[in-house]
Amino acid sequence: AVCGLHEKTFCLASAHYYKLVTPPERERRKFPHESKGKKLLPPFLERERAMACSSLVKLNASSSQWIGQQSFNQRLGSSSRLATRRVSVVRAGSYTEELIQTAKSIASPGRGILAIDESNATCGKRLASIGLDNTEANRQAYRQLLLTTPGLGEYISGAILFEETLYQSTTDGKKFVDCLREENIVPGIKVDKGLVPLPGSNNESWCQGLDGLASRSAEYYKQGARFAKWRTVVSIPCGPSALAVKEAAWGLARYAAISQDNGLVPIVEPEILLDGDHPIEQTLEVAEHVWAEVFYYLAENNVTFEGILLKPSMVTPGAEHKERASPETIAKYTLTMLKRRVPPAVPGIMFLSGGQSELEATLNLNAMNQSPNPWHVSFSYARALQNSVLKTWQGHPENVEAAQKALLVRAKANSHAQLGRYSGEGESEEAKKGMFVKGYTY
């Protein structure tokens, strides 16, 4: 990131200099660095070029044993062409102000996101755990339970829906998006089409769904969605390879640009999977590399940073690592990564739980909010909000009220964690159970 900044500064400044200062003018100024027949740079530009080259050397010299074939050294070839390439100007789209306001609304104090965007197949697995068949009626009944919970908007600012849910209504005929709006909850939509094998990689995946995304996003906006989610993954045990990281970053950037062009705030989610026995230091390095790539391509695609939200993994050891990390340690490493990579223009960091127990996810979030941060640091949880709810409901209509109370308990706990006021007292044994599943797929 530092290298890119210096290179672009150098190229823009040199182009500006040679455009505005004619050869006769340079001769009259008699710059000592110029000699006959040579087009050299003035001292201040030579310093900029030296800083860029120095930054590049440092990055390449510190390449890790954990990240193979890094693409940092590929930046020089592309960015050095900036001097002869027309500098693009980011134009404000028709939705820019709305995007910024939507992002601010979601990133509001004491609130976070309820993620219920599981595909029909994954939702079927959840229902099967309590003995229910995977039918549209059962999926609708469960999501109605969640989305009609009284008072949910006090703790939840946004809800990510699956496409089926976006177009569904309650049994009384009320649209789910209207139920959310009445609670001041912003409706969102999952827009990716899932993970498939990435040819040429180390058994890694890439996320599909860019084809037709613009037209689908326009339809989702008409239906009431105001933000979108696209999840791709990075696996540490598989490398990660430079190819997989670049594919993840580029796909997220294209999706983000298309979403903003159609009025949807994009949630940017390159999930670094918990799978593996690696130490927390390795997770930190991989996370820094991934987010550097992501923001490079977000900038290349002219994405408005004030109109996006991030959904990162917390920086933790691998799920199979021999030593567990405390909430304080996880907070330290995670915030270090974010401060090194995420511009303060981004309004909100909405963490995924990634298989942590309900209690772990809340404790870790609370630890990250013990001092002020440049961004709203909150949650976008699925299993860490729903696990207790599902087990309380058991598919019985008479349990709906109790299940909704269980949802409010978890939502309130994470609301307190977002404000840095969560104590963990009185938590049930169920909330302490881990939910990590090796090789888990959505």
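**Helix packing and the nonpolar core**

Reader: Which residues in H7 and H15 meet in this predicted model?

Author: The model is predicted. On the H7 side, the residues involved are Asn 138, Ala 141, Tyr 142, Leu 145 and Leu 146. Their counterparts in H15 are Gln 386, Val 389, Leu 390 and Trp 393.

Reader: How many nonpolar, polar and charged residues does the contact of H7 with H15 have?

Author: Asn and Gln fall outside the nonpolar and charged classes and therefore count as polar. By class, the contact of H7 with H15 holds no charged residues, two polar and seven nonpolar.

Reader: Is H7 parallel or oblique to H15?

Author: The axes of H7 (residues 136–147) and H15 (residues 383–393) come within 12 Å and cross at roughly 120 degrees. Because of that angle, H7 is classed relative to H15 as oblique.

Reader: Is the crossing of H7 and H15 left-handed or right-handed?

Author: The handedness depends on whether the near helix is turned anticlockwise or clockwise from the far one. For H7 and H15, the crossing is right-handed.

Reader: Against which helices do the buried residues of H6 pack?

Author: Helix H6 spans residues 120–128, and its buried residues are Thr 122, Cys 123, Gly 124, Arg 126 and Leu 127. The helices against which these buried residues pack are H7 and H15.

Reader: Which helix gives the largest share of the largest nonpolar core?

Author: This core has 104 residues, and those touching the most other members include Phe 295, Leu 298, Tyr 381 and Trp 393. Its largest share, eleven residues, comes from the helix at residues 280–300, H12.

Note on methods
Residues numbered from 1 in each chain as written. Predicted model: local features only at pLDDT ≥ 70, side-chain atom pairs only at ≥ 80, totals over all residues. Heavy atoms only, no water. Core = buried A, V, L, I, M, F, W, Y, C linked by side-chain atoms within 4.5 Å. Buried < 20%, exposed > 50% of the residue type's maximum accessible area, 1.4 Å probe, protein only. Helix = DSSP H or I, 4+ residues; strand = E, 2+ residues; numbered from the N terminus. Axes fitted to C-alpha atoms, helices over the stretch in contact; angles between N-to-C directions. Parallel < 35°, antiparallel > 145°, perpendicular 65-115°, else oblique. Contact = heavy atoms within 4.5 Å.
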